[in-house]
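Here are my comments on the model you sent, set out as numbered points. Please read them with the coordinates open, so that each residue can be checked as it comes up.

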Amino acid sequence: MTISTYTVKPNLPDSLKPLEEIARNLWLSWNFDAVELFIRLDYDVWLQSHQSPVRTLGMVSQQRLTEVAGDDSYLAALKETYNRFLHYKKGDTWYKGSRKDVVAYFSMEYGMDVSLPIYSGVWVSFLAIT
């Protein structure tokens with residue numbers, strides 16, 4: 001028996017391309033304006049995807065993506081949110097000025113975002129910031 005895995009990648013209109021970059025960055029988990037962009041695409045799909053922006057993009061119909069690509073209100077919100085995202089990416093991070101021996105510890109049992117499942121006991125060990 002052969003098991004195949006398929007990844008559904010949306011055919012995003014050019015005006016919606018920034019959604020894919022935002023969807024793949026945890027920045028959106030603490031920016032409700034970014035989350036709202038995915039909710040506005042299709043609220044039911046958002047819930048069905050377990051609030052996963054990447055899954056939402058793969059599940060929204062092509063017809064809906066085309067509709068949203070022509071919605072001036074949506075495009076204005078996307079542009080503003082994407083500009084803030086780009087500004088964030090260019091900004092200073094908490095560790096840039098740190099010493100070389102700084103260590104970060106991440107424990108997934110506390111979870112990072114609703115779109116990332118929690119597996120109790122799974123953790124990332126110490127990560128040296130260099």
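Does E20 count as buried or exposed?

1. E20 counts as buried, since its relative accessibility is 19% and the cut-off for a buried residue is under 20%. Please keep in mind here, and in every point below, that this is a predicted model.

2. The partner of E20 is R24, and the two side chains meet in a salt bridge with an N to O distance of 4.0 Å. R24 is exposed, with a relative accessible area of 58%, so this salt bridge joins a residue that counts as buried to one that is exposed. As background, side chains of opposite charge can pair when their charged atoms come close.

3. For orientation, the protein chain has six helices and two strands, and from the N terminus on the elements run α-α-α-α-α-α-β-β. Of its 130 residues, 28% count as buried, while the accessible surface comes to about 9,300 Å², with 54% of that area belonging to carbon and sulfur atoms. If we take the contacts between residues at least 6 apart in sequence, 57% of them join residues at least 24 apart.

4. The count of salt bridges comes to four, and one of them is formed by E21 with K89, whose closest N and O atoms are 2.5 Å apart. This pair links distant parts of the chain, because E21 belongs to helix α1 and K89 to helix α6, with their positions 68 residues apart in the numbering. Both residues are partly exposed, E21 with a relative accessible area of 29% and K89 with one of 44%.

5. Another salt bridge brings together the side chains of D33 and R84, at 2.9 Å from N to O. Since D33 lies in helix α2 and R84 in helix α6, the pair ties together parts of the chain that are 51 residues apart in sequence. D33 is partly exposed, with a relative accessible area of 36%, and R84 likewise counts as partly exposed, at 32% relative accessibility.

6. Which residues of helix α5 are buried, and on which side of the helix do they lie? In α5, which covers residues 62–69, the buried residues are L65, V68 and A69. They cover an arc of only 105° around the axis, and this is why they sit on the same side of α5. On the other side of the helix, Q63 and T66 are exposed. The spacing can be read against a general rule: an α-helix has 3.6 residues a turn, so residues three or four places apart point the same way.

7. It is also worth looking at what the buried residues of α5 touch, for they pack against α2, residues 32–41, and against α6, residues 72–90. These two helices also carry the salt bridge partners of point 5, D33 being in α2 and R84 in α6.

8. The last point concerns N31, whose place is in the loop between α1, residues 18–23, and α2. Although N31 is in a loop, its relative accessible area is 14%, and N31 is therefore buried. The side chain of N31 reaches the backbone oxygen of W27 at a distance of 2.7 Å, and I would ask you to display this contact when you inspect the loop between α1 and α2.

Notes
Residues numbered from 1 in each chain as written. Predicted model: local features only at pLDDT ≥ 70, side-chain atom pairs only at ≥ 80, totals over all residues. Heavy atoms only, no water. Buried < 20%, exposed > 50% of the residue type's maximum accessible area, 1.4 Å probe, protein only. Helix = DSSP H or I, 4+ residues; strand = E, 2+ residues; numbered from the N terminus. Arc of directions from axis to C-beta. Contact = heavy atoms within 4.5 Å. Polar contact = N/O pair within 3.5 Å; in protein donor to acceptor, adjacent residues only side chain to side chain. Areas by Shrake-Rupley, 256 points an atom, 1.4 Å probe, with all protein chains shown as cover.
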